[in-house]
Amino acid sequence: MSITIKLTDFTKHPLGRYKSDSSGSGEAFRSEKLLPILKNSNEKLIINLDGTKGAIGSSFLEEAFGGLIRLEGFTLQELQQRLIIDTVNEMYQIQIKKFLTNAEKLRLAGKTPSPKGPRL
């Protein structure tokens, strides 16, 4: 089975990296939508990125997805097995893959902070 999250159910205007940038930031999306499911379920997570008002910025995507590795302690392998990015915009998929790969390189080099709290 799988769980689907539509970005547009969270915000129609994804903007910024941090919560201090906007309530529709990548940090907010990660902490409020992605983490609860990833920590409390073993289901695959389908994330639909279509339908937003305007383009989704790279800072939003890096913080939301790269932050899962950099800050939350997930590994690239875990996320490759659990995340499915659903979008008609292939560039978003390419960017997210790049951000996850770069975050994994930092994790393996020991250049990421400790995860925020215990993983379930």
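A salt bridge is a side-chain nitrogen of Lys or Arg within 4 Å of a carboxyl oxygen of Asp or Glu. With that in mind, let's explore this structure, which is a predicted model.

## Salt bridges

In total, the structure holds 7 salt bridges. Three of them are set out here, each with the distance between nitrogen and oxygen.

| Salt bridge | N to O distance |
|---|---|
| Glu63 and Arg17 | 2.9 Å |
| Arg70 and Glu63 | 3.0 Å |
| Arg107 and Glu104 | 2.6 Å |

Let's begin with Glu63 and Arg17, whose closest N and O atoms are 2.9 Å apart. This pair links distant parts of the chain, as the two residues are 46 residues apart. Glu63 belongs to helix 3 (residues 58-70), while Arg17 sits in the loop between helix 1 (7-10) and helix 2 (26-40).

Is Glu63 buried or exposed? Glu63 counts as buried because its relative accessibility is 2%, and the cut-off for buried is under 20%. Its partner Arg17 has a relative accessibility of 21%, so Arg17 counts as partly exposed.

Glu63 also meets the side chain of Arg70 in a salt bridge. Here both partners, Arg70 and Glu63, are buried.

Now turn to helix 5, where you can find both Arg107 and Glu104. They are 3 residues apart, which is about one turn of the helix. Arg107 is partly exposed because its relative accessible area is 28%. Glu104, at 10% relative accessibility, is therefore counted as buried.

Which residues are joined into one network by salt bridges that share partners? The members are Arg17, Arg30, Glu62, Glu63, Arg70 and Glu72. You have already met three of these names, Arg17, Glu63 and Arg70, in the pairs above.

## The largest pocket

Next, have a look at the largest pocket, which holds about 160 Å³ of space. Three elements each give two or more residues to its lining: helix 4 (76-82), strand 3 (83-86) and helix 5 (90-108). Which element gives the most to this lining? Helix 5 does, with 4 residues.

To find the pocket in the structure, look for Leu76, Leu79, Gln80, Leu83, Ile85, Gln93, Ile96, Lys97 and Leu100, the residues that line it. By type, the lining has 6 nonpolar residues, 2 polar ones and 1 charged one. Helix 5 thus appears in both parts of this tour: it carries Arg107 and Glu104, and it contributes to the pocket lining.

How values were computed:
Residues are numbered from 1 along each chain as its sequence is written. This is a predicted model: local features need pLDDT of at least 70, side-chain atom pairs count only at pLDDT 80 or more; totals for chains, interfaces and linings use all residues. Side-chain values use heavy atoms; hydrogens and water are left out. On a 1 Å grid over the protein atoms alone, a cavity is a set of points where a 1.4 Å probe fits but cannot get out, and a pocket is an open set with protein on both sides within 12 Å along at least five of seven lines; lining residues have an atom within 4 Å of a point. Grid points are joined across faces, edges and corners, and a volume is the space filled by probe spheres set on the points. Ala, Val, Leu, Ile, Met, Phe, Trp, Tyr, Cys and Pro count as nonpolar, Asp, Glu, Lys and Arg as charged, and the others, Gly among them, as polar. Buried means under 20% relative accessible area, exposed over 50%, partly exposed in between (1.4 Å probe, protein chains only).
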